[in-house]
Each structure stands twice: as structure tokens, then as C-alpha cells.
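Visitor: I am new to this structure, and I would like to understand how each label given to a residue is justified. Could you take me through the reasoning step by step?

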Amino acid sequence: MQGIRGAITVENDNREEIIEAVKKLLINILEANDITAEDIGAALFSATKDLSSVFPAFAARQLPNWDLVPLFDAQQLYVENSMKKCIRVLLLVNTDKTQKEIKHIYLGRASQLRPDIAKA
Ligand SMILES: C=C(O[C@@H]1C=C(C(=O)O)C=C[C@H]1O)C(=O)O
């Protein structure tokens, strides 16, 4: 089992924009790490407190074969001056890959969070 981190930002607290962003983030993570929804043991999402239009888990369930993935949403801990309008995810994945082989995906403004590991 390995954990895969991801994050993406949106510009507006808009339901469709958030749904598209979450789907984009998850598709990127799956492709970069050569995994499918069946490999995912659980997906934990957070959204910053300025996002309240839709649950990220709802967006995840729109993707093929995500209906059986256990999903969870939480509000991100608020820290002053931290990244605005950001959705984070932690995937727990069944894989033979090593920790070093895992590709964490940070898109949009979220790439500033972890420039050491962000993939454009
Ligand atoms: C830097 C991030 O934002 C916050 C800080 C984290 C960290 O220092 O590892 C992890 C998650 C967030 O609470 C991130 O999402 O990667």
C-alpha cells in the first residue's frame, strides 16, 4: 500500500468548476501512477473553507468505477495566508510500487504547495 497526494485550485466556488477540477486531478493521478479505481483502498478529500458548492467525493463518484471506492470529505485546517480555494486528496492505493516511485500531483496554484514534488 502507498499513499498518493494531490491538490488542485479553482478560481471560483462554482459547482461545475470544482467537479471538473476534482475529476482532472484524479485522472492525472491515476494516469501518472498507472493505477485504476480498483486499486484504491480509500480516497480522503479536503476543501478549504472558501469552497462550499459541492462535496469533492461527489465529483469523484462521476468517474468510471469509482462507485465502490470509499470516499471521505473534510474541511481543510484553516491557516492564515494559506492557499485559497484548494482541494486536496490523499489516495491510499494497493500497489507494489515503492514510495519513491509514487508521483504526487499538484495542479494550478497548488503546484506552489510542494514545488519539490509537483508535476505540472
Ligand atoms: C503543503 C500542503 O498543505 C498542507 C501541509 C501539508 C504538509 O506540510 O505536508 C500537508 C497537507 C496540508 O495540510 C499540501 O497539501 O501538500
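Guide: Let us begin with valine 54, which sits in the loop joining strand 2 and helix 2, and keep in mind that the model is predicted.

Visitor: Why is valine 54 called partly exposed?

Guide: Valine 54 has 18 other C-beta atoms within 10 Å, whereas a buried residue needs 20 or more and an exposed one has 12 or fewer. The count for valine 54 falls in between, and therefore the label is partly exposed. Leaving aside neighbours within four places in sequence, valine 54 is in contact with Arg15, Ile18, Ile19 and Ala59.

Visitor: What makes lysine 85 buried or exposed?

Guide: Lysine 85, which lies in the loop between strand 3 and strand 4, has 22 C-beta neighbours inside 10 Å. Since the cut-off for a buried residue is 20 or more, lysine 85 counts as buried.

Visitor: How do you know whether asparagine 81 is buried or exposed?

Guide: Asparagine 81 is also placed in the loop between strand 3 (71-75) and strand 4, but the count here is 5 other C-beta atoms within 10 Å. An exposed residue is one with 12 or fewer, so asparagine 81 is exposed.

Visitor: What is notable about the phi of asparagine 81 and of lysine 85?

Guide: Most residues other than glycine have a negative phi. Asparagine 81, although not a glycine, has a positive phi of about 65°, and lysine 85, likewise a residue other than glycine, has a positive phi near 45°. Aspartate 34, just after helix 1, takes a positive phi of about 55°.

Visitor: Why is phenylalanine 72 given its exposure label?

Guide: Phenylalanine 72, a residue of strand 3, has 13 C-beta neighbours inside 10 Å. That value lies between the limit of 12 or fewer for exposed and the limit of 20 or more for buried, so phenylalanine 72 counts as partly exposed. Phenylalanine 72 touches Leu44, Phe45 and Ala57, not counting residues up to four places away in sequence. Its C-alpha is 6.5 Å from that of alanine 57, although the two are 15 residues apart in sequence.

Visitor: How do you know that the length of helix 1 agrees with what is expected?

Guide: At 1.5 Å a residue, the 19 residues of helix 1 should span 27 Å, and the end C-alpha atoms are 27 Å apart, so the two values agree.

Visitor: Which residues of helix 1 are buried, and what puts them on the same side?

Guide: The buried residues in helix 1 are Ile18, Ala21, Val22, Leu25, Leu26 and Ile29. Because they cover an arc of only 125° around the axis, they are on the same side of helix 1. On the other side, Glu16, Ile27 and Glu31 are exposed. The buried residues of helix 1 pack against strand 1, helix 2, strand 4 and strand 5.

Visitor: What is the largest nonpolar core made of?

Guide: The largest nonpolar core has 25 residues, and Ile18, Ala21, Val22, Leu25, Ile87 and Leu91 have the most contacts inside it. Helix 1 gives the most to this core, with six residues. Isoleucine 87 touches, among others, Ala7, Ile18, Ala21, Val22 and Phe45.

Visitor: Which residues are around the ligand?

Guide: Around the ligand are Arg5, Ala7, Arg88, Leu113 and Arg114, and by class this shell has two nonpolar, no polar and three charged residues.

Technical notes. Residues numbered from 1 in each chain as written. Predicted model: local features only at pLDDT ≥ 70, side-chain atom pairs only at ≥ 80, totals over all residues. Near = placed C-beta within 6 Å. Nonpolar A, V, L, I, M, F, W, Y, C, P; charged D, E, K, R; others polar. Core = buried A, V, L, I, M, F, W, Y, C linked by C-beta atoms within 7 Å. Helix = DSSP H or I, 4+ residues; strand = E, 2+ residues; numbered from the N terminus. Contact = placed C-beta atoms within 7 Å. Expected span 1.5 Å × (residues − 1). Arc of directions from axis to C-beta.
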